[in-house]
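Trainee: I'm new to this one and would like a close look at a single part. Could you take me through the aromatic rings, and then show me what sits around them?

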Amino acid sequence: MNNLVQQLYTAMERNKWDAMLITDPKHVYYFTGFACDPHERFLGIVLAQGQDPVLIVPALDGDKAAADSSIKRIATHKDTDNPYLILREQLPSSLHTFGIEKAHMTVQRYEALQAVVQAVNVEDIGQELQSLRVVKTDVEIERMQAAADCVETVLGNVVERVRVGMTEAEVVAELEYEMKKQGAEGPSFSTMVLTGDNSALPHGIPGTRRIQEGDLLLFDLGVYLDGYASDITRTFAVGEVSDELKAIYNTVLAANEAAIAAVKPGVTFGSLDRTARDLITEKGYGEYFTHRLGHGLGIDVHEYPSIHEQNEDTLQPGIAFTIEPGVYVPGVGGVRIEDDVVVTKDGVRVLTSFPKELTVIGV
């Protein structure tokens, strides 16, 4: 039994849970090393006091689970089986308190679970899982570094191919093709390429807009590599851009660098957001910085912590997150600059190193 699984048993004892069920595929991977996409099929780790853990997987994934999982008790189910009856076989005859991932459990699955488990109390284990995941190990950090290196190679190769007249969607296609060429498992979220006025849409959807001289061109992309995510944003100039766009760019760059410089153990996440936000506000763009400073990063591209001005939790060594201030002026354009960082014992390690000075491309 690996150390992470042992910590789950410790959490069960501390919370007086008789058993727990972990169903998020990302968590199954995190605790066992076995990765799969079960689609609509049941997947879960079952842990009960005084019993060895059991991994329940679809039958078609049984061989891979046996090869990859650190949990060696494996139960499989066919498409014609009721997996909840198989789950019931792995649990004690009576259950008082049962822990589940409420954030991942649908109402339909919860009702199917309760029909066979019938625990007196059902409690959420999400906070315990979050606390286990938030501080990354050295191995996890190196995997995240590899994911960051991969996405930067992708970005660098594709930026060289961008030309005036290409559509946003065409550039996205180039990026995602390059991800596969570089060995990524795939994008860690929907790849974003936005040009001109569209760059002022923080979560715009790439489409048929064509790149033109004088535009800003915003790239927001990430990859999964070895189960861990990266996430980077860079904004480029297509030829000569206006003085206003240059001023917006320099403001966002200064906010990005100031927030990174403020990272160290003991400061609050809220203070990082305020560092960037105050600088942007002083330059007259405060109303155009419309989102939090960043988000946690790891086996999910968005995880705890949320880096917003009201989060007074403190930084600890090993916590990984993004720093991504942005300014989005409707009808003019937008800039976001995003880096992936990890708190160290005396400061910060920046995983992303792609150049951040305003760079002209595409002409």
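Mentor: Sure, let's start with the rings and work outwards from there.

One thing to keep in mind is that this is a predicted model. Searching it for paired rings turns up six aromatic pairs. Let's begin with Phe219 and Phe236, whose rings meet edge-to-face, with 5.5 Å between the centres and 90° between the planes. That pair ties together distant parts of the chain: Phe219 belongs to strand β9 (residues 216-221) and Phe236 to strand β12 (residues 232-238), 17 residues apart. Both Phe219 and Phe236 are buried. The two also have company, since Phe354 joins Phe219 and Phe236 in one aromatic cluster.

Now look at the strands that carry those two rings. β9 and β12 run antiparallel to each other and pair over six bridges. Here's a detail that is easy to miss: although Phe219 has its ring paired with that of Phe236, the bridge partner of Phe219 in β12 is Arg234. Zoom out a bit and you'll find β9 and β12 inside an open sheet of four strands, ordered β8-β9-β12-β20, with mixed pairing. The edges belong to β8 (192-195) and β20 (360-361); each has a single partner strand, so one side of each has no neighbour in the sheet.

Where do you find another edge-to-face pair? Try Phe269 and Phe321: the ring centres are 5.8 Å apart and the planes stand at 85°, so this pair counts as edge-to-face. Again, distant parts of the chain are linked, with Phe269 in helix α10 (residues 269-282) and Phe321 in strand β15 (residues 320-323), 52 residues apart. Phe269 has a relative accessible area of 0%, so it is buried. Phe321 counts as buried too, because its relative accessibility is 0%.

Stay with helix α10 for a moment, as there is another ring contact to see. Arg277 lies over the face of Phe289, 4.0 Å from the ring centre. The side chain of Arg277 also meets that of Asp273 in a salt bridge, at 2.7 Å from N to O. Asp273 and Arg277 are four residues apart in α10, so about one helical turn separates them. Why does that spacing suit a contact between side chains? An α-helix has 3.6 residues a turn, so residues three or four places apart point the same way. And are Asp273 and Arg277 buried or exposed? Both are buried.

That salt bridge is one of 19 in the whole structure, and two others make handy comparisons. In helix α3 (residues 62-68), Lys64 and Asp68 are four residues apart, about one turn of the helix, and the closest N and O atoms of their salt bridge are 2.9 Å apart. Lys64 has a relative accessible area of 40%, so it is partly exposed, and Asp68, at 34%, is partly exposed as well. In helix α8 (residues 168-181), Lys181 and Glu178 are three residues apart, again about one turn. Their closest N and O atoms are 3.9 Å apart. The two ends of this bridge have contrasting surroundings: Lys181 counts as exposed at 51% relative accessibility, whereas Glu178 is buried at 2%.

Some charged residues join up in a wider group. Lys26, Arg133, Lys136, Asp300 and Glu303 are linked in a network of salt bridges. Follow Lys26 and you get to the start of helix α2, where a side-chain oxygen of Asp24 comes to within 2.9 Å of the backbone nitrogen of Lys26. Helix α2 (residues 25-32) has six of its eight residues buried, so the rest of the structure largely encloses it. Those buried residues are His27, Val28, Tyr29, Tyr30, Phe31 and Thr32. Just after α2 comes Gly33, with a positive phi of about 85°.

Last, here's how to place much of this along the chain. An unreviewed UniProt entry puts the feature "domain: Peptidase M24" at residues 142-345. Over that stretch the chain is 32% helix and 24% strand, and its end C-alpha atoms are 16 Å apart. If you want a spot to start from on your own, go back to the cluster of Phe219, Phe236 and Phe354.

Technical notes
Residues are numbered from 1 along each chain as its sequence is written. This is a predicted model: local features need pLDDT of at least 70, side-chain atom pairs count only at pLDDT 80 or more; totals for chains, interfaces and linings use all residues. Side-chain values use heavy atoms; hydrogens and water are left out. UniProt positions are given in the numbering used here, feature names are shortened, and annotations may be inferred rather than shown by experiment. Buried means under 20% relative accessible area, exposed over 50%, partly exposed in between (1.4 Å probe, protein chains only). A polar contact is a pair of N or O atoms within 3.5 Å; within protein, one must be able to donate a hydrogen and the other to accept it, and residues adjacent in sequence count only if both atoms are side-chain atoms. Rings of Phe, Tyr and Trp (its six-membered ring) pair if their centres lie within 6.5 Å; planes under 30 degrees apart count as stacked, over 60 as edge-to-face and the rest as tilted. A charge sits over a ring if NZ of Lys or CZ of Arg is within 6 Å of the ring centre and within 35 degrees of the ring normal. A salt bridge is a side-chain nitrogen of Lys or Arg within 4 Å of a carboxyl oxygen of Asp or Glu. Two strands pair if DSSP finds at least two bridges between them.
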